Each structure stands twice: as structure tokens, then as C-alpha cells.
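Please read the following note beside the sequence and the model. The points are numbered so that each can be checked or answered separately.

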Amino acid sequence: MLAKIEELLEQAKLAIDSATSVEVLYEAKVKFLGKQGSFSHLLKEMGKLTPDDRKTIGKRANEVRDILEGKYAVRENLLKDQELNSQLEAQKIDVTLPGVAPERGVLHPLWRVTKEMCEIFSRLGFSVRTGPHIEKDFYNFDALNIPPDHASRDLQDTFYINDGVDRKPGDFSPWLLRTHTSPVQIRSMLTEKPPLRIVSPGGVYRSDSDMSHAPHFHQVEGLLIDQDVSMADLKGTLGFFAREFFGSEVEVRLRPSYFPFVEPGAELDASCPFCKSKGCGMCKGSGWIELGGCGMVHPLVFKQVEMEYPKWNGFAFGMGVDRMAVVKYGVSHIGLLTENDLRFLGQFRP
Ligand code: FA5
């Protein structure tokens, strides 16, 4: 039996030493030292031995098991180290390779224009106010001297919002998507004390769509309330703005116009940069592109907000940001600004 034990020891040593992976090594352990393994089978036969033989052989059997378990542990550590090293070798990072440069984003042209417009006006002492896009009929129309039956409501048809209230036929929800930034004039006049100098940028909505009209576009509103303000102040302010924004190559003009909330009212136009004022599709043959409306705040607006007039008076203006961007960057179709095509937007790197 002793000879069998020595033979098993040699076989097991060989199996352990020649195992090339942790799995194969484990199989060898099970085969020789496991509950059903060769060594356990051999020990079961010890019962047949004389007490003296059992003592000697049992002692050797224990020694052999200790030897094999020790050898197994050493080999297992070695194989695990080797496997880890080869995994690390496979994942090795070459720190000398050039890095992957993250793509730099750019400001959206509409946001760039909005920021630039507000910055120019801030140099003249205007500060920024914002208002809600979902607006009440009162601020968007009524308070601006546009009663429900006023014809100018047709020019600013918008998207009305159902507030779920049951109404008589012909009565509508007072909620709508604002058609201009002018409601912020009313909100500011109602909540702030004069003198006032504010600009208000933001999105507006109309049922409008062609080469130079978008259903969702952006405006920058301006309002100045003070004492003894004149049309000359308005013209000087917008002239300063236009020169700062476009530079000297684009001309501007003020053209008499009508808005119910100003009197007198005017339209601010810029000369068309596409055709150099000769007339093209973009400017509809006129040589001029309309940028916005302006005028002296109407006495009826002062009445609506209960601000003392003519102690206080002032001017207001509202410019289309999208049109400004079209003129500034020579964009052929206003819709390109909101299509989110990265090939187009990527061209606006500073
Ligand atoms: C107004 O919206 C007035 N609230 C402006 C105003 C403010 C007048 C204060 C007087 C005092 P108007 O509808 O003209 O006015 O729009 C102003 C500008 O917005 C236009 O000149 C144009 O540049 C731009 N705009 C108007 N409709 C669209 C549209 N559908 N798509 C893109 N830009 C537009």
C-alpha cells in the first residue's frame, strides 16, 4: 500500500506540475485529492490493515496529502499570476498614441445673435427681462391696445391653447402661444417703477411659413420709459445698435408704419446684403429687409398699466432675431436656422 501511495504521489506531482491553466490544475486536484479521488479511495482501504501498518501508512498518507496540497497552492498562485499578466498584456495602453480630441461645440447662431443684441443694448443701460411663451390674451393683445375685434389680430394668428374650461360657442380660451415679445413690455410696466430700460429676448409663434417667415421665431423687445423721451432718442438708439451690429456696410432706415401700441410707429429696415439693395428673392425685390417695428409707446398703453402719462413717456421696439441672423450671416432660407443640421450649424465657429 505504501508503494501505491508513493506512486500516486508521483502521478499527482506530475499532473500538478504539468497543468497549464487553473482549470486543468483544479481537475487534477479533484482527480487525486477530491472526495471521490484516487487518494481517498486508497485511504478507504486502510481499514483492512493491521494497527501497526495503519499507523505507519496513515502517517505517510498525511504527509503525502500535505505535500500535494502545498504544491497545489503554489502552482495555483503561479498560474493565476500568469493569467492576469497575459490579460494585462492584451489590454496594454500605448500612452504615446495621440488622444481623441473631443469635438468642440459652438453657440447656436440664434443664441449668438440674441446675446450680441442684448450686449449692445446693455451698453446703453438696458437690462434683460424674460416673459412666458404661453401667454394670456390680455398681455399679448388687449393691454397692447389690440381688442378682440381688432384687424391686426389677423396678422398675428397664433396657436391657441385649450385650458379645458367649458365656454359658450364663440368664446375662446385666454391662453395662447405669444405672437411677439411685446407682452413683456406690459408685464414690466405693471411690476416695475419708471424710469425703465429693458430688453426682452425670446421665442414667439405665428401661423406663418415661407422663405423669410417661420412659425417659431425669435424677437428682442426693447422698452424705454423716462421723462421727455422723443422719437429722436429712439432713432439714435436704433442707429447706434445697427452700426454696432452690422458695421458700416449695411444701411438702415426708419419707415413710417402702424402698430396699435405705438404712436407714431415705424419699421426698421436694413439694406439687403444678398443683392446689395438691387432687389432679389430674399428682399422680395425691394432691396430692404425688415428687421423690426418700433415707435413711441401709445397713451392707451400707459392707461392700461395705470402709469402716469405724459409725466412718463417712452419708446419701444421689437426686432426679429432670425431675420438678424439671416442678414448677418447671409443665410438663404430662414428655416435652416432651426433644422438642427450640424453641417450648417458647424459653420458658425467664432
Ligand atoms: C411686432 O411683432 C411688434 N411687436 C414689434 C414692435 C415692438 C413694434 C414694439 C412696435 C413697438 P412685427 O409683426 O412686424 O412686429 O414683427 C417684428 C419682426 O419680427 C419683423 O420685422 C420680422 O423681422 C420678425 N418676424 C415677424 N414675423 C416673422 C416670422 N414669421 N418669421 C421670422 N421673423 C418674423
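**Notes on the predicted model**

1. The buried residues of helix α4 are I57, G58, A61, V64, L68, Y72, R75 and L79. The model is a predicted one, and the remarks below should be read with that in mind. The list for α4 includes an arginine, R75, and a tyrosine, Y72, beside residues such as I57, V64 and L68. An α-helix has 3.6 residues a turn, so residues three or four places apart point the same way. The cover over the buried residues of α4 includes the helices α1 (2–18), α2 (22–33) and α3 (38–44).

2. As for its dimensions, α4 takes in residues 51–90, which is 40 residues. From the first C-alpha of α4 to its last the helix reaches 58 Å, close to the 58 Å expected at 1.5 Å a residue.

3. Is Y26, which is placed in helix α2, buried, exposed or partly exposed? With a relative accessible area of 48%, Y26 is partly exposed, because the exposed class begins over 50%. The C-alpha atom of Y26 is separated by 8.5 Å from that of E76, although the two residues are 50 apart along the chain.

4. Turning to the strands, 7 of them form an open sheet, in which the order is β1-β4-β5-β9-β8-β7-β6 and the pairing is mixed. The edge strands of this sheet are β1 and β6, each of which pairs on one side only.

5. Strand β4 (residues 196–205) is mostly covered, with 9 of its 10 residues buried. On one hand, β4 is joined to β1 (residues 127–128) by 2 bridges, and these two strands run parallel; here S127 has I198 of β4 as its bridge partner. On the other hand, 10 bridges join β4 to β5 (residues 216–226), and this pair runs antiparallel, with L196 standing opposite I225 of β5.

6. Elsewhere in the sheet, β7 and β8 pair in the antiparallel sense over 8 bridges, and the bridge partner of S271 is W288, in β8. Strand β7 also holds P264, and the peptide bond that joins E263 to P264 is cis, with omega about -5°.

7. Which residues lie nearest the centre of the largest pocket? They are R206, F259, E267, E290 and R323, out of a lining of 46 residues, and the space in this pocket comes to about 950 Å³. Two or more lining residues are given by each of α7 (152–155), β5, β6 (252–257), β7 (262–271), β8 (288–297), β9 (313–320) and α11 (321–329). The largest share of the lining, 8 residues, comes from β8. Sorted by class, the lining of the largest pocket has 20 nonpolar, 15 polar and 11 charged residues.

8. D137 deserves a separate look. This residue is found in helix α6 (residues 137–140), and D137 counts as buried because its relative accessibility is 13%, where the class requires a value under 20%. Leaving aside residues up to four places away in sequence, D137 touches D142, R153, P174 and L176, so that its list of contacts holds both an aspartate and an arginine.

9. A second cis peptide bond should be checked by eye together with the one in point 6. The bond from Y309 to P310 is cis, with omega near 10°, and P310 is found in the loop between α10 (299–304) and β9.

10. Two asparagines call for a remark on backbone geometry. N145, in the loop between α6 and α7, has a positive phi of about 65° although this residue is not a glycine. N340 likewise has a positive phi, of about 60°, and is not a glycine either; its place is in the loop between α11 and α12 (342–345). N340 counts as exposed because its relative accessible area is 54%, and the class begins over 50%.

Notes
Residues are numbered from 1 along each chain as its sequence is written. This is a predicted model: local features need pLDDT of at least 70, side-chain atom pairs count only at pLDDT 80 or more; totals for chains, interfaces and linings use all residues. Side-chain values use heavy atoms; hydrogens and water are left out. Helices (H or I, at least four residues) and strands (E, at least two) are DSSP runs, numbered from the N terminus. The expected span of a helix is 1.5 Å times one less than its number of residues. Buried means under 20% relative accessible area, exposed over 50%, partly exposed in between (1.4 Å probe, protein chains only). Contact means heavy atoms within 4.5 Å. Two strands pair if DSSP finds at least two bridges between them. On a 1 Å grid over the protein atoms alone, a cavity is a set of points where a 1.4 Å probe fits but cannot get out, and a pocket is an open set with protein on both sides within 12 Å along at least five of seven lines; lining residues have an atom within 4 Å of a point. Grid points are joined across faces, edges and corners, and a volume is the space filled by probe spheres set on the points. Ala, Val, Leu, Ile, Met, Phe, Trp, Tyr, Cys and Pro count as nonpolar, Asp, Glu, Lys and Arg as charged, and the others, Gly among them, as polar.
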